[in-house]
Amino acid sequence: GLDSQRCRAVHHFREGICAGLNRDLHVDPRVASVARSPVKESTYTHYEERMQSDLDEIRDKVDRLATLIESQVGDAVHSFLEEDRTLANDVVLGDRRVNRKIRDIDHLCHAFIVRHAPSAGHLRYVSAVLRLDVALERIGDYASTIGREIVQLSGRPPERIVRDVELISHQARRTLHQSLVA
């Protein structure tokens, strides 16, 4: 009955307990399970369904932000390799969109805390998202700075530098993607 439903809900909460982010922006899988946990309407109360809905909204916005950041970094590198100043300028202008999305996510996280007064896994998940936002904003700022520098370049850098940048950027983008997928 009701006790078994509560036990399942508590068990579900415990499965989602996590530590947050490590230095490489990896979200602990136990944190991600809190946001991605399936909702069984017969098991949860309206309050729990609303909490899960809010967590899903946060997760979706973080996923879209991560995709945008990856795109910004890729465009910055591509504009350098191809000497595309228009694309570099688009990266610089895209920083505002990134910052706006980060503010939206921060607002959702703070509203979630105020609305639900979460504890344990949910609170750690929201805290991890807030820390991830700071890191993603920094990466977006780096992409924008690269774009600004490319716009100001007077000519193509030596081929050796271009090859090094291409290699380093490939490794960095792969690491970023792996971190965001985790």
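**Figure 1. The whole protein: six helices and zero strands.** This is a predicted model. Read from the N terminus, the elements run α-α-α-α-α-α. The protein has 182 residues, and 39% of them count as buried. Its accessible surface comes to about 10900 Å². Carbon and sulfur atoms account for 53% of that surface. Consider the contacts between residues at least 6 apart in sequence: 74% of these join residues at least 24 apart. The views that follow centre on helix α3, residues 46–82.

**Figure 2. Helix α3 packs with helix α4.** Helix α4 covers residues 85–116. The axes of α3 and α4 are 10 Å apart, and the angle between the helices is about 165°. Angles over 145 degrees count as roughly antiparallel, so α3 and α4 are roughly antiparallel to each other. Their crossing is left-handed. The contact of α3 with α4 holds 18 nonpolar residues, five polar ones and nine charged ones.

**Figure 3. A closer look at D60, a residue of helix α3.** Is D60 buried or exposed? Neither term fits, because its relative accessibility is 33%, and D60 counts as partly exposed. The cut-offs for that class run from 20% to 50%. Now compare D60 with I105. The two residues are 45 apart along the chain. Their C-alpha atoms are separated by 9.9 Å.

**Figure 4. Helix α3 also packs with helix α6.** Helix α6 spans residues 159–181. Here the angle is about 175°, and the axes lie 11 Å apart. This pair, α3 and α6, is therefore roughly antiparallel as well. By class, the residues of the contact of α3 with α6 divide into ten nonpolar, three polar and three charged.

**Figure 5. The residues where α3 meets α6.** Which residues of α3 meet α6? They are A66, I69, E70, V73, G74, V77, F80 and L81. On the α6 side stand V162, V165, E166, S169, R173, L176, H177 and L180. The nonpolar residues of this contact include V73 and F80 in α3, along with V165 and L176 in α6. Among the charged residues are E70 in α3 and R173 in α6. G74 in α3 and S169 in α6 count as polar.

Terms used
Residues are numbered from 1 along each chain as its sequence is written. This is a predicted model: local features need pLDDT of at least 70, side-chain atom pairs count only at pLDDT 80 or more; totals for chains, interfaces and linings use all residues. Side-chain values use heavy atoms; hydrogens and water are left out. Helices (H or I, at least four residues) and strands (E, at least two) are DSSP runs, numbered from the N terminus. Buried means under 20% relative accessible area, exposed over 50%, partly exposed in between (1.4 Å probe, protein chains only). Axes are lines fitted to C-alpha atoms, for helices over the stretch in contact, and angles run from 0 to 180 degrees between N-to-C directions. Angles under 35 degrees count as roughly parallel, over 145 as roughly antiparallel, 65 to 115 as roughly perpendicular and the rest as oblique. A crossing is left-handed if the near helix is turned anticlockwise from the far one by less than a right angle, and right-handed if clockwise. Contact means heavy atoms within 4.5 Å. Accessible areas come from the Shrake-Rupley method with a 1.4 Å probe; for residues, only the protein chains shown count as cover.
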